[in-house]
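This report describes packing, ring pairs, cysteines and strand pairing in one protein chain. The sequence and structure come first.

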Amino acid sequence: MSNEKLTTVALIYDFDGTLVPGNMQEYDFIPAVGKSNREFWNDANVLAETQDADPVLAYMARMIQEAQSTGLSLRREAFQESGRHVRYYAGVEEWFKRINEYGLSRGIRVVHYINSSGLKEIIEGTSIAHEFKKIYACSFLYNVDGVAYWPACAVNYTNKTQFIFKINKGVESVYDTRLVNQYMEENRRPVPFKRMIYVGDGMTDIPCMRLVKNYGGHSIAVYNPADKGKRKEMNTLIRDNRVSHVCPADYSENSEMDTLVKTIIDKIAVDTCLEQLEKPRL
């Protein structure tokens, strides 16, 4: 089947706590500046509270401050090297190929995106970075010497939703605010909300998960499989009508997550077929 005849489905992931346990900075950057995870995040949170600042901007400022005080490189390549130390939940590295192939068997082209409050440069250094059509995440501006000095993009829990609309309208640029706000008829949008699957792990993803769900898409809240009591807590998100599904962050073949996403793909394929049958025939 040619790409023109395939139905596009967007699989959109948070990163920290969704594809990897914990936060990406905890694998290499924080140990490299001589801090414990608790110390670094406490310092960032105190900075945000005392300055009444955005917590995401505060953690980015602390990264620059800590790196400068310890002589750690602030070049893009150094952040990317940090990404090579990130470790994933079970099955993540094999997940994309398997889901892509399953989608194709159902006439679906699955396109993967990241929508994260983590650092884009670190994600770019991971072994799975090439799997994503676009990585929406925090990033730095770099001076003429290639050294980070200021935030270029800060992604917090509310402005994460803007990237859902960018995907919906096929606008990849972070800078471009004109096209994403321009009116576009629903049937001309490259990825309708009903063909989106959003995967996140917690409170910072709720606005996106709720948005996708309310517009007819599917939202999945995942949790660390090692945290046995987490599912009961996460089930409240279903009760409160914030997400569609809850399951462990295990991406292995035949896992609950694997079965769930394949079932959603099946549903989208059937819905698309029905839509075609319902169109008036000339």
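Leaving aside its neighbours within four places in sequence, which residues is Leu-19 in contact with? In this predicted model, the contacts of Leu-19 beyond those neighbours are Tyr-13, Asp-14, Tyr-88, Tyr-89, Val-92, Ile-114, Ile-128, Phe-132 and Tyr-251. Leu-19 also belongs to the largest nonpolar core, which has 83 residues. Together with Phe-79, Leu-119, Ile-220 and Tyr-251, Leu-19 is among the members that touch the most others in that core. In soluble globular proteins, nonpolar side chains tend to be buried together.

**Aromatic pairs**

Across the whole structure there are 12 aromatic pairs. Two of them are set out below.

| Pair | Centre to centre | Angle between planes | Class |
|---|---|---|---|
| Phe-40 and Trp-41 | 4.9 Å | 85° | edge-to-face |
| Tyr-136 and Phe-163 | 4.7 Å | 20° | stacked |

Phe-40 is buried, at 0% relative accessible area. Trp-41 has 19% relative accessibility and still counts as buried, because the cut-off is under 20%. Phe-40 and Trp-41 are also part of a cluster linked by ring pairs, along with Phe-29, Tyr-59, Phe-79 and Phe-140. Phe-79 thus appears both in this cluster and among the core residues that touch the most other members.

The stacked pair connects distant parts of the chain: Tyr-136 lies in strand 3 (residues 132–142) and Phe-163 in helix 7 (residues 161–169), 27 residues apart. Tyr-136 is buried, with a relative accessible area of 1%, and Phe-163 is buried at 1% relative accessibility.

**Cysteines**

The count of disulfides is zero. For Cys-247, the closest cysteine sulfur is that of Cys-208, 18 Å away, so the two are too far apart for a bond. Cys-247 is buried at 0% relative accessibility, whereas Cys-273 is partly exposed at 45%.

**Strand 1**

Is strand 1 (residues 7–13) enclosed or open? Seven of its seven residues are buried, so strand 1 is largely enclosed by the rest of the structure. The cover extends to both faces: Thr-7, Val-9, Leu-11 and Tyr-13 are buried on one side, and Thr-8, Ala-10 and Ile-12 on the other. Tyr-13, on the first of these faces, is one of the contacts of Leu-19.

Strand 1 runs parallel to strand 2 (residues 108–119), joined by seven bridges, with Leu-11 partnered by His-112. Strand 1 also pairs with strand 5 (residues 196–200), again in the parallel sense, over four bridges. In that pairing, Ile-12 stands opposite Tyr-198.

Notes:
Residues are numbered from 1 along each chain as its sequence is written. This is a predicted model: local features need pLDDT of at least 70, side-chain atom pairs count only at pLDDT 80 or more; totals for chains, interfaces and linings use all residues. Side-chain values use heavy atoms; hydrogens and water are left out. A nonpolar core is a set of buried Ala, Val, Leu, Ile, Met, Phe, Trp, Tyr and Cys residues joined through side-chain atoms within 4.5 Å. Buried means under 20% relative accessible area, exposed over 50%, partly exposed in between (1.4 Å probe, protein chains only). Contact means heavy atoms within 4.5 Å. Rings of Phe, Tyr and Trp (its six-membered ring) pair if their centres lie within 6.5 Å; planes under 30 degrees apart count as stacked, over 60 as edge-to-face and the rest as tilted. Helices (H or I, at least four residues) and strands (E, at least two) are DSSP runs, numbered from the N terminus. A disulfide is a pair of cysteine sulfur atoms within 2.5 Å. Two strands pair if DSSP finds at least two bridges between them.
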